[in-house]
Amino acid sequence: MSKHIPRKRFGQHFLTDHDVINAIVHAIRPRSGDTVVEIGPGLGALTRPLLEHLPHLHLVELDRDIIARLQRAYPSERVTIHAGDALLFEFGTLGENLRIVGNLPYNISTPLLFHLADFAPHIADMHFMLQKEVVDRMAADPGTRDFGRLTVMLQYRFSIETLFDVAADAFDPPPKVVSAVVRLVPRAASDMDALDLGLLENVVATAFGQRRKTLRNTLGSLLSADDFNQLDIDPTRRAETLAVADFVRIANHIYRKEAP
Ligand code: SAH
C-alpha cells in the first residue's frame with residue numbers, strides 16, 4: 001500500500017509512540033462485550049490494539065482515502081465503517097452504553113464535544129486525546145481563566161478526569177501543541193437537572209459571551225434584581241465565578257418564572 005500523506009484539513013496527526021498507545025488502551029480497558037466507537041481511526045494506531053481486545057469496533061471516519069485503507073486492512077465482521085463527518089453522526093443509532101474513543105481531529109474538537117454531549121444518555125464513557133489546552137478548559141474549576149462555556153456544558157453532563165499529557169513527538173507529523181488524554185463519564189441524573197436544556201445553553205452562552213462583564217450586565221435582560229436576590233447570587237459577580245449548579249439554578253429559575 002502506498003504511503004498516506006497526512007492531510008492537514010482533516011487534522012491528521014498519527015500516533016506513533018507505542019508507550020502512549022498502550023497507555024491509552026490501558027486507560028480504556030476494553031472488554032469483549034463493549035460497544036466501542038472510534039472516531040477518526042486514521043491509519044489504525046488505536047484501532048489495531050483495540051481489536052486485540054474486542055471482536056468488533058465501530059469506526060467513524062471522514063477521509064475517503066483512509067476509509068479505503070481501513071476496508072482493505074480489516075474484515076467487515078471486525079469493523080463497521082461509518083463513512084462521514086463525526087460532527088453529523090447520529091451516535092444514538094449505535095445503541096446504548098456506548099464507549100466512544102479517539103485521537104480526535106483537533107480542528108473540530110470543540111464542536112465535536114458539544115455534539116457528543118447530546119448523546120450522553122447513550123454513552124457509558126468516552127476517552128479522547130485532545131490538545132491539552134482544551135482538556136484544561138473541559139476540566140476547569142470555577143474561578144479560573146479556563147472555566148467557560150465548554151466547561152459548564154460538558155461538566156453539566158459528564159464528570160471529567162484528565163489522565164495524562166502527551167508530548168508532540170508522539171505523533172507523526174507532530175502537532176504544534178501539547179496533548180492530553182481525558183475521560184468523560186456521564187453523571188447520574190440528579191438535583192442538577194435543567195428543566196429546559198436549550199434555556200441552560202442560552203444562559204451559559206449569554207453569561208460567557210462577555211466574560212469580563214458582571215452578571216447584572218450579561219443576564220440583566222433575563223434576571224431582575226429581585227431574581228438575583230431569590231437565587232442568592234450577587235449580580236456583581238462574573239460568570240466564571242459561578243459553579244455549574246448555579247447555572248442550572250439560574251436557568252430553572254427563569255424557566256419557572258416564564259412558565260404560565
Ligand atoms: N486515531 C489515529 C488518527 C488520528 S488523526 C491515530 O491516533 O493515529 C484524526 C483522524 O480523524 C484522521 O483519521 C482524520 O481523517 C479523522 N477526521 C478528521 N475530521 C473528521 C471528521 N469530521 N469526522 C470523522 N473523522 C474525521
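User: Happy to start with the helix packing: which strand does helix H4 run at about 175° to?
Analyst: This is a predicted model, where local features need pLDDT of at least 70, side-chain atom pairs count only at pLDDT 80 or more, and totals for chains, interfaces and linings use all residues. Residues are numbered from 1 along each chain as its sequence is written, and side-chain values use heavy atoms, without hydrogens and water. Helices (H or I, at least four residues) and strands (E, at least two) are DSSP runs numbered from the N terminus, while angles run from 0 to 180 degrees between N-to-C directions of axes fitted to C-alpha atoms, for helices over the stretch in contact (heavy atoms within 4.5 Å). Helix H4 (109–117) lies across S2 (35–39), S5 (98–103), S6 (123–131) and S7, and the strand at about 175° is S6.

User: Which strands stand at the edges of the sheet?
Analyst: The open sheet has seven strands in mixed pairing, ordered S4-S3-S2-S5-S6-S9-S7; strands pair if DSSP finds at least two bridges between them. One side of each edge strand lacks a neighbour in the sheet because each has a single partner strand, and these are S4 (79–83) and S7 (158–166).

User: Nice! What residue in S9 is the bridge partner of Phe164?
Analyst: S7 and S9 (179–186) pair in the antiparallel sense over eight bridges. In S9, Phe164 has as its bridge partner Val181.

User: How many residues are in the largest nonpolar core?
Analyst: Such a core joins buried (under 20% relative accessible area, 1.4 Å probe, protein chains only) Ala, Val, Leu, Ile, Met, Phe, Trp, Tyr and Cys residues through side-chain atoms within 4.5 Å. Ile39, Phe91, Ile100, Phe128, Leu130 and Met138 touch the most other members, and the core's residues number 30.

Note on methods: Buried < 20%, exposed > 50% of the residue type's maximum accessible area, 1.4 Å probe, protein only.
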